Amino acid sequence: MNKTLFTYFSATGTTRRVAEKLAQEKQADILEIKPVIPYTNEDINWQDHDSRANREGRDQVEVAMEPLDIRDYDDIYVGFPIWWYTAPRIIFSFFKTHDFSNKTVHLFATSGGSSIQRAQQDLSEAFPQVKIVDAKRY
């Protein structure tokens, strides 16, 4: 039996709502990816070059959870908002701390206008061993 897991990071609740809807439609398990230090509105202000999200740039963001036991899942959906045309650093941290061997990964993202293609490309290049099969923006 093919088991599916939806994971997501959401700073404002938008991605959470999409993840909950999609997980319900597929009757899948769902889990939120949370940073150790939650983001505030000021932290994600894209117009402030000194905002936390801008400063994090290429750094790893500590995830506030132990690595998941994903052995029982075949398909894993990873959702996030598009930040500065790519996935937030916490998503890279999530990929880095989990073994996606023999898993099929689907990306989904929320954005007011940015494409998910660069996020898919960046994650595929950073984690070539992960089988990312598709990406969809909501």
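**Legends for a predicted model**

**View 1. Overall dimensions of the protein.** A compact globule of 138 residues would have a radius of gyration near 14 Å, and the protein, here a predicted model, agrees with that because its own value is 14 Å. The C-alpha trace spans about 45 × 30 × 25 Å along its principal axes.

**View 2. Helices and strands in order.** Four helices and five strands make up the secondary structure. Follow the chain from the N terminus and you will meet them as β-α-β-α-β-α-β-α-β. If you like contact maps, look at the pairs at least 6 apart in sequence: 76% of those contacts join residues at least 24 apart.

**View 3. Surface, interior and charge.** Buried residues account for 47% of the 138 in the protein. The exposed area comes to about 8,100 Å², with 45% of it supplied by carbon and sulfur atoms. Among the side chains, 17 are positive and 20 are negative, and the centres of these two sets lie 4 Å apart.

**View 4. Close-up of Q27.** Here is a backbone angle worth a look: Q27 is not a glycine, yet its phi is positive, at about 50°. You will find Q27 in the loop between α1 (14-26) and β2 (29-32). Its relative accessibility is 76%, so Q27 counts as exposed, the cut-off being over 50%.

**View 5. Close-up of W84.** W84 also has a positive phi, about 50°, without being a glycine. This residue sits in the loop that runs between β3 (75-81) and α3 (89-96). With a relative accessible area of 31%, W84 is partly exposed, whereas Q27 is exposed.

Note on methods
Residues are numbered from 1 along each chain as its sequence is written. This is a predicted model: local features need pLDDT of at least 70, side-chain atom pairs count only at pLDDT 80 or more; totals for chains, interfaces and linings use all residues. Side-chain values use heavy atoms; hydrogens and water are left out. Helices (H or I, at least four residues) and strands (E, at least two) are DSSP runs, numbered from the N terminus. The radius of gyration is taken over C-alpha atoms; the globule rule is 2.2 Å times the number of residues to the power 0.38. Buried means under 20% relative accessible area, exposed over 50%, partly exposed in between (1.4 Å probe, protein chains only). Contact means heavy atoms within 4.5 Å. Accessible areas come from the Shrake-Rupley method with a 1.4 Å probe; for residues, only the protein chains shown count as cover. Lys and Arg count as positive and Asp and Glu as negative; His and the chain ends are not counted. The place of a charge is taken as NZ of Lys, CZ of Arg, CG of Asp or CD of Glu.
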